[in-house]
Amino acid sequence: VWQPLLLGFYYDDWDLWVYGSTRGSPFSLTRLLFMNYTNPVRPGCLPGRFLGSSLFGAHPLLWQGALLLVNCAVAVSIVAAARALTQARTPAGRAITAAAGLCWLLLPWNAAARFWSALLPNTSMIAALGLLCVLLVRGWEKHRSRPIAAGALYLWICLSYEAFYLQWVTLILIGVVLWRARRNGLRPVLVSGVALIAAQGLAGLWNLYTKQAGYWTAMSVLPDWVGIVRANLLRLAPATLQSAAEISAEILFCGLIVIAMWLVAHIRSFGRAADRPAGTTSALLAGVSILGGLLSVVVYSLAGRIVTATGVETRSMMVFNFWLLVAGSVLTTFTLERLSGAPRLVFAVALAGFGLCLAVGQVLRASDWVTAWSQQQRILVEAPVSDLKRTEPNARIILVNPLGVNGAPVFAAPWDINSAITWTYPFLQGRRIIVYSPWGGVMKWDGTHLSYVGQPPLDTGAALYLWRPADMSFWRPAGPFVINRNLTIEPAQ
């Protein structure tokens with residue numbers, strides 16, 4: 001509840017929502033065309049972007065409030081999907097599935113979906129995925145395939161975010177597992193599967209068309225995608241712990257107890273004829289759910305996205321987190337309903353401890369984004385406006401500043417600082433600010449050409465200035481210089 005009051009705009013938000021609010025009036029054709037231009041490859045996001053921009057404008061409180069509501073919708077979809085899979089009817093089962101939804105709001109490695117409003121349309125599609133799962137499972141139980149509704153919804157999801165490609169595999173496998181458990185027939189699953197595959201095919205053709213047509217946001221599969229996939233999959237588990245490094249030991253301790261109790265309950269069920277079918281179904285459903293999460297990471301990796309513990313690139317774990325929570329609810333519901341006495345108490349305490357650790361981790365990561373927003377506001381307020389105003393209209397200004405707070409971006413790209421400056425001070429229109437990034441290496445200026453060492457020039461010109469917000473300094477260099485990775489500036493040798 002408190003987060004929308006303290007969070008703000010980050011990274012792409014400045015270009016999408018702040019600059020976008022200046023493009024035509026709300027609900028105008030100009031605004032619609034601009035929102036389509038921001039990412040023409042993902043037409044499924046256009047309704048959300050256009051509606052949000054028209055309703056919320058450049059007000060961070062409204063955007064963050066809407067993002068919180070969308071995340072609550074995702075949490076509800078997780079509860080609904082988990083209950084559809086587990087058939088939770090006992091108080092314990094319903095409590096566990098409700099807790100799984102709550103955990104979506106608490107995962108510290110889910111920061112991008114929780115705090116970055118640029119992902120609002122994409123995050124809403126995770127709720128749509130949960131709805132699709134419920135629609136299919138409930139339909140199969142009634143011997144209905146619902147191909148038109150399922151195909152149309154999945155097509156919309158895929159046209160909104162490529163991370164949902166291949167999720168049809170997960171949904172079909174869930175149907176097969178439920179058929180094996182005699183909860184539904186096979187024919188409805190196969191009919192639904194054909195509709196899902198057709199939707200995936202249409203989305204794939206659209207993706208190929210955008211690449212052939214040269215759409216500027218179209219992304220291609222990188223040549224070294226195999227290595228990126230392998231590295232990202234191996235990075236998943238460490239990233240979850242690193243996301244709350246301050247309490248990683250506690251998370252690991254509670255998590256290992258929970259996993260151990262899952263294993264005990266399921267292994268014991270395999271030795272009991274009465275429990276064996278339910279135990280097998282629980283394990284298979286959890287395994288298929290995890291597979292769905294891993295498939296999403298693979299799709300992210302194809303375009304070079306990396307799995308990180310903090311910051312905007314935690315978006316690579318959004319779909320993974322959805323399926324992770326569904327799998328956890330399936331395993332936990334089965335385990336809790338079959339434990340009693342001291343083991344049940346230990347399991348409950350470990351679950352409570354794990355949830356508390358997640359809550360603490362979420363507050364820690366939220367505080368990073370709150371601090372990043374405060375720093376951005378301070379940079380704008382303390383900007384050397386009079387000096388900037390005296391620069392030439394085509395001047396180039398290099399911003400030398402830390403790029404973020406533990407991954408939460410602080411004017412980490414040229415499009416965010418340029419949009420923020422011209423929105424705050426419209427009379428500075430035309431000045432171009434270049435953000436120095438230590439990831440690019442050492443930057444040098446020879447008096448005419450500005451470039452990272454070993455790379456092509458970023459810009460050419462003599463009207464160049466340096467801006468360092470940390471000590472509120474702004475100056476025109478007397479001669480060639482270099483900017484080191486530690487943000488120190490020295491004369492060129």
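**Note on helix packing and selected residues**

1. The buried residues of H4 are covered by a set of elements that includes H2, H3, H5 and helix H8 (120–141). The model under discussion is a predicted one, and the remarks below should be read with that in mind. Within H4 the buried residues are Leu46, Arg49, Phe50, Gly52, Ser53, Ser54 and Phe56, a list in which an arginine and two serines appear beside leucine and phenylalanine. After H4 comes Gly57, which has a positive phi near 55°.

2. Ser53 deserves a separate look, being one of the residues of helix H4. Its relative accessibility is 1%, and because buried means under 20%, Ser53 is counted as buried. The side chain of Ser53 is joined to the side chain of Arg31 by a polar contact of 2.9 Å. When neighbours within four places in sequence are left aside, the residues in contact with Ser53 are Gly20, Arg31, Met35 and Trp63, so that Arg31 appears both in this contact list and as the partner in the polar contact.

3. Ser54, which also lies in helix H4 (residues 46–56), has a relative accessibility of 10% and therefore counts as buried. The side chain of Ser54 reaches a backbone atom, namely the nitrogen of Phe27, at 2.9 Å. Apart from neighbours within four places in sequence, Ser54 is in contact with Pro26, Phe27 and Arg31. Arg31 is 23 residues away from Ser54 along the chain, and the C-alpha atoms of the two are separated by 7.9 Å. Arg31 is thus listed among the contacts of Ser54 and among those of Ser53.

4. How do helix H2 and helix H3 pack, and at what angle? Helix H2 (residues 12–19) and helix H3 (residues 29–38) have axes 11 Å apart and an angle of about 165° between them. Because angles over 145 degrees count as roughly antiparallel, H2 is described as roughly antiparallel to H3. The crossing of these two helices, H2 and H3, is left-handed. On the side of H2 the contact is made by Asp15, Leu16, Trp17 and Tyr19, which meet Phe34, Met35 and Thr38 of H3. Sorted by type, the residues of this contact of H2 with H3 are five nonpolar, one polar and one charged. Met35 of H3, which takes part in the contact with H2, is also in contact with Ser53.

5. A second helix pair is formed by helix H13 (residues 248–270) and helix H15 (residues 318–336), whose axes come within 9 Å and cross at roughly 60°. This angle makes H13 oblique to H15, and the crossing in which H13 passes H15 is left-handed. The residues that meet are Met261, Trp262, Ala265, His266 and Ser269 in H13 and Gly328, Leu331, Thr332, Phe334 and Thr335 in H15. In this contact of H13 with H15 the residues divide into five nonpolar and five polar, with no charged residue.

6. Val330 is another residue of helix H15, and its relative accessible area of 4% is the reason why Val330 is classed as buried. Not counting residues up to four places away in sequence, Val330 touches Leu85, Thr86, Ser282, Leu285 and Ala286. The C-alpha atom of Val330 is separated by 36 Å from that of Gly8, and the two residues are 322 apart along the chain.

7. Two loop residues call for a check of backbone geometry. Most residues other than glycine have a negative phi. Gln87, although not a glycine, has a positive phi of about 50°; Gln87 is placed in the loop between helix H5 (60–86) and helix H6 (91–104), and its relative accessibility of 30% means that Gln87 counts as partly exposed. Arg182, likewise not a glycine, has a positive phi of about 65°. The position of Arg182 is in the loop between helix H10 (167–180) and helix H11 (186–212), where, at 79% relative accessibility, Arg182 counts as exposed.

Notes: Residues numbered from 1 in each chain as written. Predicted model: local features only at pLDDT ≥ 70, side-chain atom pairs only at ≥ 80, totals over all residues. Heavy atoms only, no water. Axes fitted to C-alpha atoms, helices over the stretch in contact; angles between N-to-C directions. Helix = DSSP H or I, 4+ residues; strand = E, 2+ residues; numbered from the N terminus. Parallel < 35°, antiparallel > 145°, perpendicular 65-115°, else oblique. Left-handed = near helix turned anticlockwise from the far one by under 90°. Contact = heavy atoms within 4.5 Å. Nonpolar A, V, L, I, M, F, W, Y, C, P; charged D, E, K, R; others polar. Buried < 20%, exposed > 50% of the residue type's maximum accessible area, 1.4 Å probe, protein only. Polar contact = N/O pair within 3.5 Å; in protein donor to acceptor, adjacent residues only side chain to side chain.
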